[in-house]
Amino acid sequence: MIDSASLLAVLPELILTAGGLTLLMVAAFGGDGTARVVNWLSVLTLVVAALVLPTSMAHGPLAFDGLVRADAFSVFAKVLIYAAAAAAILLAPRYFLVSGPRRPEYPVLILFSSVGMGMMVSAGDLLTLYVGLEMQSLAAYVLASFMQQDERSSEAGLKYFVLGSLASGILLYGTTLLYGFTGTTGFDGIAVALGDGVGKGELFGLVFLLAGLAFKMSAVPFHMWTPDVYEGAPTPVTAFFGSAPKVAAMALTVRVAIEALGPAGLDWQQIVIFVALASIIFGAVAAIGQTNIKRLMAYSSINNVGFALIGLAAATPAGVAATMSYMAIYVVMTIGAFACILQMRDAEGRPVETIASLAGLSQSRKGLAAALAIFMFSMAGIPPLFGFWAKFLVFDAAVAAGLTALAAFGIAASVIGAYYYLKIIKTMYFDEPAAAYEARGGAVENVILTACAVVIVVGYLLNPVLDQASAAAAASLF
């Protein structure tokens, strides 16, 4: 039933939809000359949507007869999604300016993708889950191939579309099996049905559903699209893919696992542990030989998804809180790192993506080298930077849940991952200088870069707020 309370629960999505449609008309009738205005109005729309998030919980967590959940967990995830989406919009104009006129469609696609991601993290039903996921994916396919004159971008979009369609089919098949054997698509109803025991049909449905979600997270063994899409897509789009959709996919997986599949915990826990370990190992090892920094960040994202899943494997409120805290810190590190990568430009302003080109950066661009070093050290989990706290939280939750071996293995594997992060720092500070980059970066890039670096360095001051917010988010699922 549609009532005022239900509409209030999806108020952020309504604002984003109205803003996206309005700006789409502005872009259609105003042309490329409206790009700057559309950019800033898109960011403003995301800010307004974020500000009304507390209002969406005013009449309880359930809306549209359980199809949508407006709780602390969805609010936490949406704050991260909207912040990452806004950063991806702000980082884009200077990059696209090199290839010709600015394109106002870019921020509009980000807004529509954010609507889908909002539906994903608020899903209380398999149908809501699928609609939100497809809405996010359709916008993502276009974003990946946004640079029409660039063969790499077109290839990235095509690969993402083909493999994404396959993953959607797998997820839809799992949804069908679960509905067939449980008689419902609602998360609560599925949990009740699984509470009577997990049959073979339900187990197959569970596996297919998690496989489809693993693709969206780019977790092993469904990671195959990630390196090519990260490398081929425009760098601001890659920054977006590496942050907001990752949060949405991880939050959706957590909600499905805890709320819908909770009684089958022993069954999906084994799958999550395998995927976590495989992602950590593969992401760390495969990144070692990379020469393109965007491909390296792709394998880094696979690696980080594995660490975040350790918290989910614990299947406890502390584990879920640790996973969401990890994603919050990961978004800051990713946006900051890509703000640095966007400043890798030759003397003519053209993007440069090779790791070798970073040689001697500490001499030509001291501030940029220091910021990139901070993000690399943090991703490696070196204390006292904030990235260390993210890993500590998931390992601590795993140990508390009796998964000591998993935590020990994750700690050992993190040493492998540290190698390729430290290789970048070594290149910047100790290798013979390469050709200097463009003399300066954009003002917006510098502000975002500096803000992210400050958060990573002094992030421990934010621990009380982050811990309280993530704990409240986790508690709403149990």
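Start by selecting Glu-353 and Asn-292: their side chains make a polar contact of 3.0 Å (a pair of N or O atoms within 3.5 Å; within protein, one must be able to donate a hydrogen and the other to accept it, and residues adjacent in sequence count only if both atoms are side-chain atoms). What you have open is a predicted model, where local features need pLDDT of at least 70, side-chain atom pairs count only at pLDDT 80 or more, and totals for chains, interfaces and linings use all residues. Residues are numbered from 1 along each chain as its sequence is written, and side-chain values use heavy atoms, with hydrogens and water left out.

**Stay on Glu-353**

Now add Arg-152, whose side chain has a polar contact of 3.2 Å with that of Glu-353. Is Glu-353 buried or exposed? Glu-353 counts as buried because its relative accessibility is 11% (buried means under 20% relative accessible area, exposed over 50%, partly exposed in between, with a 1.4 Å probe and protein chains only). Look along the backbone and you'll find Glu-353 in the loop between α17 and α18 (361–364). To fill in the surroundings, show the residues that Glu-353 touches, among them Glu-231, Thr-235, Lys-294 and Met-344, leaving aside residues up to four places away in sequence. Touching here is contact, meaning heavy atoms within 4.5 Å.

**Zoom out to the whole chain**

Switch to a cartoon view: the chain has 23 helices and 2 strands (DSSP runs numbered from the N terminus, with helices being H or I of at least four residues and strands E of at least two). The radius of gyration is 21 Å, close to the 23 Å that the globule rule gives for 478 residues, so the chain is as compact as a globular protein of that length. That radius is taken over C-alpha atoms, and the rule is 2.2 Å times the number of residues to the power 0.38. Turn the C-alpha trace around and you'll see a span of about 65 × 55 × 40 Å along its principal axes. Buried residues make up 59% of the chain's 478.

Next, select residues 123–417, where UniProt (unreviewed entry) places "domain: NADH:quinone oxidoreductase/Mrp antiporter transmembrane". This stretch is 77% helix and 0% strand, and its end C-alpha atoms are 34 Å apart.

**Into the core**

The largest nonpolar core holds 166 residues, and Phe-241, Leu-261, Trp-268, Leu-309, Leu-358 and Met-376 touch the most other members. Such a core is a set of buried Ala, Val, Leu, Ile, Met, Phe, Trp, Tyr and Cys residues joined through side-chain atoms within 4.5 Å. Highlight helix α17 (residues 317–341), which supplies the largest share of this core, 17 residues. Then pick Phe-241 and look for its contacts, including Ala-140, Tyr-160, Val-229 and Lys-246. There is also a second, separate core of 6 residues, with Ala-63, Phe-64, Val-68 and Ala-70 among them.

**Two cysteines**

How many disulfides does the whole structure have? A search finds 0, where a disulfide is a pair of cysteine sulfur atoms within 2.5 Å. Select Cys-340 and Cys-452 to see why: the sulfur of Cys-452 is 8.8 Å from the closest cysteine sulfur, in Cys-340, too far for a bond. Cys-340 is buried at 2% relative accessibility, and Cys-452 is buried at 10%.

**Last stop: Val-47**

Finish in helix α3 (residues 35–51), where Val-47 sits. Val-47 is partly exposed, with a relative accessible area of 41%. Add Pro-12, 35 residues apart from Val-47 along the chain: their C-alpha atoms are separated by 9.9 Å.

Terms used:
UniProt positions renumbered as here; feature names shortened; annotations may be inferred.
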